[in-house]
Amino acid sequence: MPKIAVLVGSLRRESLNRQYAHAIEKIAAGRLDFRYVDMDLPLYNEDLWVSPPDKVVQLKAAIADADGVLIVTPEYNRSVPAVTKNAIDWASRPYGQNAWKGKPVAVTGASPGRQGTAVSQSQLRSTLVILETVVMGGPEVYMTFTKDLLDAGGAFASPDTAKFIDGFVESFARWVQLTGGRS
Ligand SMILES: Cc1cc2nc3c(=O)[nH]c(=O)nc-3n(C[C@H](O)[C@H](O)[C@H](O)COP(=O)(O)O)c2cc1C
């Protein structure tokens, strides 16, 4: 089964995006193997490459080892949150050792607002293109996180939402299969 490194762009315990990622994982069971990456990294500092922090080494290894990467990110002030961008920047360096190169990547995100991270995702896609990922253009999923989105077990409560996310998962599984291994 394809291994998917999952980057959730929020550190807080009750993160809506982490809950959302886990709900996607339930739909993806049997098709994609989700492996969550520790995103609680130091801020990017070029000087640290002399002796890189363990978590940075682990992040780079997780991306290198994965068949694909799923980024589940909030939107902060109509942009990409620092947590998400920081992980992307670490994985792109040192110069010439860009872990993103050739990786199939899908992006989604959840927010309580109606536009459901659309701006954040759009900006993220621009960055992912220049990092030479093979970013899935669609389907786009901008999830509005309402209090009844998930059931008590953390699965999507509505069969329609579950079906919609199933389509996203299926597209990503196919995308990984079609584009994986490029470098
Ligand atoms: C600094 C900050 C800026 C935010 N800006 C936006 C925004 O531009 N668009 C949006 O939809 N939500 C915005 N929000 C609300 C977040 O969507 C909300 O806090 C969400 O729960 C964050 O994701 P998380 O629960 O996974 O941490 C912002 C929140 C913070 C803390």
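**A tour of helix 1, helix 4 and the loop at Asn77**

Begin by selecting helix 1, which has 13 residues and reaches 18 Å from its first C-alpha to its last, close to the 18 Å expected at 1.5 Å a residue. Please bear in mind throughout that this is a predicted model.

With helix 1 still selected, display the side chains of its buried residues: Leu16, Asn17, Arg18, Tyr20, Ala21, Ala23, Ile24, Ile27 and Ala28. Next, add their packing partners to the view. The buried residues of helix 1 pack against strand 1 (3–8), strand 2 (33–36), strand 3 (68–72), strand 4 (104–111), strand 6 (142–144) and helix 5.

Helix 5 is the next selection, at residues 159–179. Its axis and that of helix 1 (residues 16–28) come within 9 Å and cross at roughly 75 degrees. Angles of 65 to 115 degrees count as roughly perpendicular, and helix 1 is therefore roughly perpendicular to helix 5. To see the contact itself, highlight Ile24, Ile27 and Ala28 on helix 1, together with Ala162, Ile165, Asp166 and Val169 on helix 5. By class, this contact of helix 1 with helix 5 comprises six nonpolar residues, no polar residues and one charged residue.

Before leaving this region, move to Gly30, just after helix 1, where phi is positive at about 90 degrees.

Now proceed to helix 4, residues 118–130. Its 13 residues should span 18 Å at 1.5 Å a residue, and the end C-alpha atoms are 19 Å apart, which agrees. Which residues are buried in helix 4? Select Ser120, Leu124 and Leu128 to find them. These residues lie on the same side of helix 4, because they cover an arc of only 70 degrees around the axis. Rotate the view to the other side of helix 4, where Ser126 and Ile130 are exposed.

Returning to the buried residues of helix 4, add strand 3, strand 4 and strand 5 (134–135), against which they pack. Just after helix 4, select Glu132, which takes a positive phi of about 65 degrees.

The final stop is Asn77, in the loop between strand 3 and helix 3 (82–91). Is Asn77 buried or exposed? A residue counts as exposed if 12 or fewer other C-beta atoms lie within 10 Å of its own. Asn77 has 8 C-beta neighbours inside 10 Å and so counts as exposed. To close the tour, draw a distance from the C-alpha of Asn77 to that of Met136: the two are 24 Å apart in space and 59 residues apart in sequence.

Conventions: Residues are numbered from 1 along each chain as its sequence is written. This is a predicted model: local features need pLDDT of at least 70, side-chain atom pairs count only at pLDDT 80 or more; totals for chains, interfaces and linings use all residues. Axes are lines fitted to C-alpha atoms, for helices over the stretch in contact, and angles run from 0 to 180 degrees between N-to-C directions. Helices (H or I, at least four residues) and strands (E, at least two) are DSSP runs, numbered from the N terminus. Angles under 35 degrees count as roughly parallel, over 145 as roughly antiparallel, 65 to 115 as roughly perpendicular and the rest as oblique. Two residues are in contact if their C-beta atoms, placed from the backbone, lie within 7 Å. Ala, Val, Leu, Ile, Met, Phe, Trp, Tyr, Cys and Pro count as nonpolar, Asp, Glu, Lys and Arg as charged, and the others, Gly among them, as polar. The expected span of a helix is 1.5 Å times one less than its number of residues. A residue is buried if 20 or more other C-beta atoms lie within 10 Å of its own, exposed if 12 or fewer, and partly exposed in between; C-beta atoms are placed from the backbone. The arc is that of the directions from the helix axis to the C-beta atoms.
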